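I opened the notebook to log a few look-ups on this model. I wanted the metal site, one strand, the chain contacts and a few single residues.

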Amino acid sequence: MTPLALAPDTTYLAFEFSSRITTPVISGAINGAVYGLLGLGLVLLYKSNRIFNFAQGEFASVAAFTTYAGTAGFGLPKMPYVFAAILGVSAAVVVALLTERLVVQPLFNQPKVTLVVATAGTALLLIALEGFVFGAEGVGLDPVIAGDALTSGGLRVTNQGVFVVVVLAVLAALTALFFSRTKTGTAILAVSMEPTATSLVGIPVKRISALTWGLAGLLGGVAGILFAGNGGLLGPGALTAFALIPAFTAAVFGGITSLPGAFLGGVLIGIIQTLGARNIPESVVPDANQVVIFFVLLLTLLIRPAGLLGKET
Amino acid sequence: MSLLEVQELRTGYGALPVLQGISFSVEEGETCVIFGLNGAGKTTTVNCLAGVLPTWGGEVRFDGKKVSGKDAPGIVKAGIALSPEGRRVWAGLTVLKNLELGAWVRKDAKGIQASIEQVFSYFPRLEERKDQLAGTLSGGEQQMLAIGRAIMCKPRLLMIDEASLGLSPKLAQTVFQVVSQINDDGTTVIIVEQNVGVLPYADQALIMEKGTLTFDGRGAELEASGELRKTYLGESEQPA
Ligand SMILES: Nc1ncnc2c1ncn2[C@@H]1O[C@H](COP(=O)(O)OP(=O)(O)OP(=O)(O)O)[C@@H](O)[C@H]1O
Ligand SMILES: [Mg+2]
């Protein structure tokens, strides 16, 4: 064959590569950063309380809705985005602290499964509240930073996308440092291992537990605002529906107790999910973006239950 | 005035009373050993003194000040530390982190460093393994770490629950010798034991039975009295 005859094929391939590989990898990494952030909160609570917190997605939704309420005004003067976002994250922290105080503490000595079911109940309650206040149709939250950072040859990277990845990287690094370098971080781990012995050296176990949930609320809140700002409608339970299972998969994939693992796991899951959705025809596997996640979760549990970076501390 | 004064102390679990109102005191600088059969209430006693269990009635005074009613952190700050039954070291943290975290209530970085050195001088094994995860230590090494961690609180009164449980007789003797050295260095000690090998180190001895004290006297008296044989072997008034 002559090179000339090949030319149209190459353009076709180039076009395909961008829409099937490059673009999904980039947009997947951005979604995945949010999964990772939500996953960090899950890992944090798993490390300290040995439970999977089903309400983590709704800590995130609460933050997104509150931010929306702040920017939309609701009869009050509209707030600048930054203040609304701070209010949103604070709301998530407050909800997380209330969950700790009203749900986790009273049930702490019950079997863990009771506690896990109770967090699922908390999620349902929050979803109902969101629907009551904001309606079932959903609202649209603006991105933190509008505009595009890069557009070229079919590729488009939004400012929001870059921001999401940077925020995740910074928060993941800070959380990892917090656990390995600070006394308070070590105390959280100690409480998770031996609560009674921990109180015996003078560590206020209840305050540490509240702090852990507050931190999880903070991480979840940031994740929620970033996720909702990526576009699409924010309905009641949105984050539980679209982000909680991928975040959980990210946490398991990363080794459930590993913070960097959740980070890496989130980004990888996001990429795998988008790649799957773009390349598996709907006629072969409907809803491939959901199915792919379960597939990864199952494979991880079967092949390497300890996860990517799974080991204690 | 005694360092520790316990008066009519009562506590239990849920609605179940265990301590029926026990009274004793411990002198500063001494070693007090608490003997008793399984289920006699020894652990209940030290846990209550450490603030892990609530006080139902009676009063505990430490250095003249009332400490009953304080929670565990409050008791540690008052100067009483407990190395709990079953060791309870933080398995996923290194030996060094276990010791550092033990000093939570202290702010003096230099003093904390000195205490770590001191623990290493009592238990050189721990220094050799200072970067190892506590969960991978042998049972005996974990016991040393549990005692070391309690020392890191810099207590005036150190309580050790079941120091020798699961240790070989030789290692148990080593632990007793270190405890006696800690005592010589100025810390008052209460040690819960089933192993009579601890007797030579006991200034004071208590025997518990079903939530009450059946003997409170000098260690030497106890040896002569035959009370221990009576308690542990169910024999009465026979020459030892
Ligand atoms: N958590 C608990 N809940 C209910 N009862 C308990 C609890 N812990 C101990 N008890 C009961 O309290 C009594 C005293 O127990 P304790 O642990 O103080 O005994 P002990 O003298 O330390 O025994 P051992 O030598 O076996 O350690 C026992 O009858 C025990 O069954
Ligand atoms: Mg006991």
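My entries follow, by topic.

**Entry 1: status of the model**

I noted first that this is a predicted model.

**Entry 2: the magnesium ion**

Which protein atoms are donors of the magnesium ion (ligand 2)? I found OG1 of T43(B) and an OE atom of E85(B). They lie 1.8 to 2.2 Å from the ion. I then checked where the two sit in the chain. T43(B) is in helix α1 of chain B, residues 42–49. E85(B) is in the loop between β6 (80–83) and α3 (95–102) of chain B. The two are 42 residues apart, so I logged the pair as a link between distant parts of the chain.

Next I looked up accessibility. T43(B) has a relative accessibility of 18%. It counts as buried because the cut-off is under 20%. E85(B) comes out at 35%, so I put it down as partly exposed.

**Entry 3: strand β3 of chain B**

I turned to β3(B), residues 31–36. How many of its six residues are buried? Six of the six are, and the strand is mostly covered. I sorted them by direction. T31(B), V33(B) and F35(B) point one way. C32(B), I34(B) and G36(B) point the other way. I recalled the general pattern here: side chains in a regular strand alternate between the two faces of the sheet.

Then I listed the pairing partners. β3(B) pairs with β8 (residues 188–192) of chain B in the parallel sense, over four bridges. Within that pairing, V33(B) has I191(B) as its bridge partner. β3(B) also runs parallel to β9 (residues 204–209) of chain B, with five bridges joining them. On that side, G36(B) is matched with M208(B).

**Entry 4: where chain B meets chain A**

I counted contacts across the two chains. On chain B, 22 residues are in contact with 19 residues of chain A. The chains bury about 1,700 Å² between them. Carbon and sulfur atoms carry 71% of that area. Which residues of chain B lose the most area to chain A? They are W90(B), L101(B) and W104(B). Together they make up 37% of what that side buries.

I also checked the charged and polar pairs. The rule finds one salt bridge across the interface. E194(A) forms a salt bridge with R88(B), and the closest N and O atoms are 3.4 Å apart. Five residue pairs are in polar contact across the interface, both residues at pLDDT 80 or more. On the chain B side, α2 (72–78) and α3 are the elements that give two or more residues to the surface touching chain A.

**Entry 5: V201(A)**

I picked V201(A) to see what surrounds it. V201(A) is found in the loop between α7 (195–200) and α8 (205–229) of chain A. Is this residue buried or exposed? Its relative accessible area is 2%, so V201(A) is buried. I then listed its contacts in chain B. Among them are W90(B), L101(B) and W104(B), the residues of chain B that lose the most area to chain A. V201(A) also touches V76(B), G102(B), V105(B), R149(B) and C153(B). For distance, I took K78(A): it is 123 residues from V201(A) in sequence and 49 Å away, C-alpha to C-alpha.

**Entry 6: G121(A)**

My last look-up was G121(A), which lies in helix α4 (residues 112–134) of chain A. With a relative accessible area of 34%, G121(A) is partly exposed. G121(A) and S48(A) are 73 residues apart in sequence. Their C-alpha atoms are 20 Å apart in space.

Technical notes:
Residues numbered from 1 in each chain as written. Chains lettered and ligands numbered in written order. Predicted model: local features only at pLDDT ≥ 70, side-chain atom pairs only at ≥ 80, totals over all residues. Heavy atoms only, no water. Donors = N, O, S within 2.8 Å, 3.2 Å for Na, K, Ca; no water. Buried < 20%, exposed > 50% of the residue type's maximum accessible area, 1.4 Å probe, protein only. Pairing = 2+ DSSP bridges. Contact = heavy atoms within 4.5 Å. Buried area = accessible area lost by both parts, 1.4 Å probe. Salt bridge = Lys/Arg side-chain N within 4 Å of Asp/Glu carboxyl O. Polar contact = N/O pair within 3.5 Å; in protein donor to acceptor, adjacent residues only side chain to side chain. Lists of a residue's contacts leave out its neighbours within four places in sequence.
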